[in-house]
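Me: I'm new to this one and would like a quick tour. Can we go through it bit by bit?
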Amino acid sequence: MDVELHPDLEPLKFLLGTWEGAGVGGYPTIESFNFGQEISFTHVGKPFLIYASRTWKIEEDGTLGRPLGMETGYWRPRPDHQVEVTLAHPTGIIEIYVGNVAFNRVELHTDVVARTESAKEVTGGHRLYGLIGEDLGWAYDMAAMGHELQSHLSAQLKKVS
């Protein structure tokens, strides 16, 4: 069913679709790694985007290995080029981001991080999403496990639908 885009989503329209590609990750508490990723941004005609991300380890031979992180959520545009993002992780972490949208670029920082008793300690995050030519690039800085905010993940994805 083809649903008309809600006018409030116009600044985020560049994100719509399914994106696939590869990235790199690392943090002081883990070894560096390569990963494959699929991100989708969809809508249902209401003033929010539906977001889902799945990642897999890329093995040394280039094949996709075991599943890694997943997250789902909603992106809600606000007045004056602002945006609110809610993300849920199956590892017991919930994040609320706030930020701004400008020229096919979104910058977000955490407003709230909540976690279950068994989830790892994550205390903050900073994310950038933007078009690099026709590709979607993104980067995630994380504060966790007693470490200050620092680079954790980045990827470059191609639109596949």
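Reply: Sure, and let's start with a term: a salt bridge here is a side-chain nitrogen of Lys or Arg within 4 Å of a carboxyl oxygen of Asp or Glu. Keep in mind that this is a predicted model.

Me: Okay, how many salt bridges are there in the whole structure?
Reply: Searching the whole structure turns up eight salt bridges. One of them pairs the side chains of Glu 84 and Arg 78, at 3.7 Å from N to O. That distance is within 4 Å, so the pair counts.

Me: Which other side chain meets Glu 84 in a salt bridge?
Reply: That would be Arg 76, with 2.4 Å from N to O.

Me: Are those residues buried or exposed?
Reply: Neither label fits, because buried means under 20% relative accessible area and exposed means over 50%. Glu 84 comes out at 26%, which is partly exposed. Arg 76 has 39% relative accessibility and is partly exposed, and Arg 78, at 40%, is partly exposed too.

Me: Which residues are joined into one network by salt bridges that share partners?
Reply: Glu 71, Glu 95 and Arg 127 are joined that way.

Me: What does Arg 54 form a salt bridge with?
Reply: Its partner is Glu 38, and the closest N and O atoms are 3.3 Å apart. This pair links distant parts of the chain: Arg 54 sits in strand β3 and Glu 38 in strand β2, 16 residues apart.

Me: And how exposed are those two?
Reply: Arg 54 is partly exposed, with a relative accessible area of 37%. Glu 38 is partly exposed as well, at 23%.

Me: You mentioned β2 and β3. How do they run?
Reply: They run antiparallel, and eight bridges join them. For instance, Ile 39 has Ser 53 in β3 as its bridge partner. The two strands form a hairpin with six residues between them. In that turn, Gly 45 has a positive phi of about 90°.

Me: What about β1 and β2?
Reply: Strand β1 covers residues 17-27, and its pairing with β2 is antiparallel over ten bridges. Gly 17 has Phe 41 in β2 as its bridge partner. β1 and β2 also make a hairpin, with two residues between them.

Me: Switching topic: what does UniProt place at residues 8-159?
Reply: The UniProt record, an unreviewed entry, puts the feature "domain: THAP4-like heme-binding" there. In this model, that span is 0% helix and 70% strand. The C-alpha atoms at its two ends lie 22 Å apart.

Me: Last thing, the largest pocket. How much space lies in it?
Reply: About 780 Å³.

Me: And which residues lie nearest its centre?
Reply: Leu 68, Gly 69, Lys 120, His 152 and Leu 153, out of 34 residues that line the largest pocket.

Me: What classes make up the lining?
Reply: There are 18 nonpolar, nine polar and seven charged residues in the lining of the largest pocket.

Me: Which strand gives the largest share?
Reply: β2 does, supplying seven residues of the lining. Several strands each supply at least two lining residues, among them β3 (49-58), β4 (64-78) and β10 (150-159). So β2 has turned up three times: it pairs with β1, it pairs with β3, and it helps line the largest pocket.

Methods
Residues numbered from 1 in each chain as written. Predicted model: local features only at pLDDT ≥ 70, side-chain atom pairs only at ≥ 80, totals over all residues. Heavy atoms only, no water. 1 Å grid on protein atoms, 1.4 Å probe; cavity = no way out; pocket = protein on both sides within 12 Å on 5 of 7 lines; lining within 4 Å. Points joined across faces, edges and corners; volume = space filled by probe spheres on them. Helix = DSSP H or I, 4+ residues; strand = E, 2+ residues; numbered from the N terminus. Nonpolar A, V, L, I, M, F, W, Y, C, P; charged D, E, K, R; others polar. Pairing = 2+ DSSP bridges. UniProt positions renumbered as here; feature names shortened; annotations may be inferred. Buried < 20%, exposed > 50% of the residue type's maximum accessible area, 1.4 Å probe, protein only.
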